[in-house]
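Dear colleague,

Please find below the structure for your examination. A short account of what was found in it follows.

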Amino acid sequence: MTNIKVSFLIIILFSIILLPLLPQAEGAENTIDDGIKLITENLKKDLPIAEGRQIKVAILPFNWEKHDQWVLCRVVCELFRTQFSLTEGVTLAEREATQQAMVNLNPEKGLLKAEDVTKLGKLLGCNFIVTGHVADLNTVININAFLWDAGTGNLISTRSAQIKKTAEIISMIDHENQSDSSELYSVKWRSKPMPYHILGILVSDVDGDGIKDLVILTENEFKVMSWDGFCFVDRASVQYVNIAQLKRNQWNMRTLCEWYTDGQNEIYISVPDVETSIWKWEKDAPVKVGTLAPSLLSIQKDFLVFGQLKRNYFVGQKTYQVSRTDNSRSDRLIPKDYYSLAVGDVNGVEGREWLIVDVDNVMHIYSEDMTQIWQSTATFGSGITIADLDNNGRNEIVGTSDMPQNEKDSLIILEWDGNTYVKKLESQLIDGSITATCVGDPNNDGVDELVVVTYGQNGSEICFYSANNPQ
């Protein structure tokens with residue numbers, strides 16, 4: 001009997017010690033506004049708010065478990081900002097400054113290391129930091145919020161609330177984007193439709209601040225967009241061509257490249273048979289700094305590749321390259337006329353391969369001396385991207401299906417297996433046509449994604465694909 005009493009006392013003592021450290025659940029709330037308001041009121045109890053004293057709080061983007069919860073997380077974060085902004089004696093760190101400070105951090109479920117907290121505190125000039133995590137518990141949504149002392153790096157308190165899964169909540173979760181982990185690649189994030197036609201896309205640190213941006217080309221605008229923790233927001237937009245002066249076969253054909261020179265990234269925009277313009281970031285926007293011959297198709301370490309447009313394709317026998325060292329020009333006689341071209345190592349053999357999709361929609365791969373080493377039996381769409389998507393040391397070839405206009409498209413990924421090029425993926429059908437692809441880390445989470453643009457009746461959508469089992 002005595003042992004039972006001792007055990008009971010030990011349990012009570014441990015409960016008293018651990019209780020303040022556990023997330024304080026506030027019960028299931030009817031609305032998301034009620035839940036956020038309640039959590040905020042409890043967090044503010046742990047802040048040294050006093051008359052005549054001003055404290056600064058940074059609210060970081062909330063973490064989430066599934067890619068389809070990003071809209072919900074954005075709403076949660078904005079509601080927290082609203083609640084704290086209404087508090088007398090509290091100022092908030094700016095969104096853009098918070099985003100820049102978060103580039104090299106990837107908090108797991110809202111938790112940070114003490115050194116990360118103090119580092120963020122210095123960068124943002126704030127006294128306290130709020131992080132959080134959103135979890136879907138089937139019938140309810142659980143929101144955890146964490147309050148940190150930016151001076152010491154200590155976690156001060158945690159608060160949580162469960163929100164009933166109302167129609168309002170369900171509408172913020174995009175179930176159509178759920179990934180299948182059994183596939184080699186799956187959708188990581190998808191934008192809402194954008195009311196314009198994206199013809200080119202690129203991931204680049206345009207302004208050299210260490211943060212990757214998303215560069216997109218519409219029919220006449222050059223846009224730079226930044227990830228704010230949930231989606232992309234416009235940073236700058238400039239007109240690069242007057243579409244009223246273009247011929248019909250030039251409307252939808254663009255090449256977008258970048259090159260790092262003289263300590264700064266340069267963006268190259270090519271409108272076939274019109275102009276290749278060169279852009280650099282100055283102050284708050286890209287500025288045109290030069291031009292090259294039209295119809296730039298590819299930039300390599302030692303040369304640039306140019307083509308000649310005929311109707312809506314390029315003439316193989318008119319392709320040429322220009323040396324980056326002495327500007328000398330030499331012909332590069334490609335055996336076939338083609339829609340698109342890419343240059344890179346796609347078999348691990350010394351030297352680069354030249355890839356084209358010809359006017360019959362057949363993909364050809366040539367060696368440096370233009371000897372054909374492979375030809376597809378299936379037909380492809382016009383775009384080609386070369387990159388190591390799964391970090392296995394071998395570049396994949398990303399193509400698209402040869403689809404009739406106004407129908408459904410699909411991604412096709414090929415890889416050299418030592419003997420031939422095998423199909424690693426043919427995605428499920430995608431509504432609309434794929435108009436651009438690139439590879440990079442546009443959301444600055446340390447993982448390269450395959451960025452895909454589709455164009456349909458509602459405009460353009462951007463989608464991230466990632467390898468489910470990277471090496």
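In this predicted model, helices H2 and H3 cross in a right-handed sense. On the side of H2, the contact is formed by Ile 32, Asp 33, Ile 36, Lys 37, Ile 39, Thr 40, Leu 43 and Lys 44. H3 contributes Leu 72, Val 75, Val 76, Leu 79, Phe 80, Gln 83 and Phe 84. Sorted by character, the residues of this contact comprise 10 nonpolar, 2 polar and 3 charged.

As a general point, a pair of packed helices is described by the angle between their axes and the distance between those axes. Here, H2 spans residues 32–44 and H3 spans residues 70–85. The two pack at an angle of about 50 degrees, and their axes lie 10 Å apart. H2 is therefore oblique to H3.

The second finding concerns a sheet. In general, the strands of a sheet pair through backbone hydrogen bonds, in either a parallel or an antiparallel manner. In this model, 4 strands make up an open sheet with antiparallel pairing, and their order is E8-E35-E34-E33. Strand E8 (185–190) and strand E33 (433–440) are the edge strands, each pairing on one side only. On average, neighbouring strands of the sheet are turned by 30 degrees against each other, direction ignored.

Within that order, E34 and E35 stand next to each other. Strand E34 covers residues 449–456 and strand E35 covers residues 459–467, and their antiparallel pairing extends over 7 bridges. One bridge joins Gly 456 to its partner in E35, Gly 459.

With kind regards

Technical notes. Residues numbered from 1 in each chain as written. Predicted model: local features only at pLDDT ≥ 70, side-chain atom pairs only at ≥ 80, totals over all residues. Heavy atoms only, no water. Axes fitted to C-alpha atoms, helices over the stretch in contact; angles between N-to-C directions. Parallel < 35°, antiparallel > 145°, perpendicular 65-115°, else oblique. Left-handed = near helix turned anticlockwise from the far one by under 90°. Contact = heavy atoms within 4.5 Å. Nonpolar A, V, L, I, M, F, W, Y, C, P; charged D, E, K, R; others polar. Pairing = 2+ DSSP bridges.
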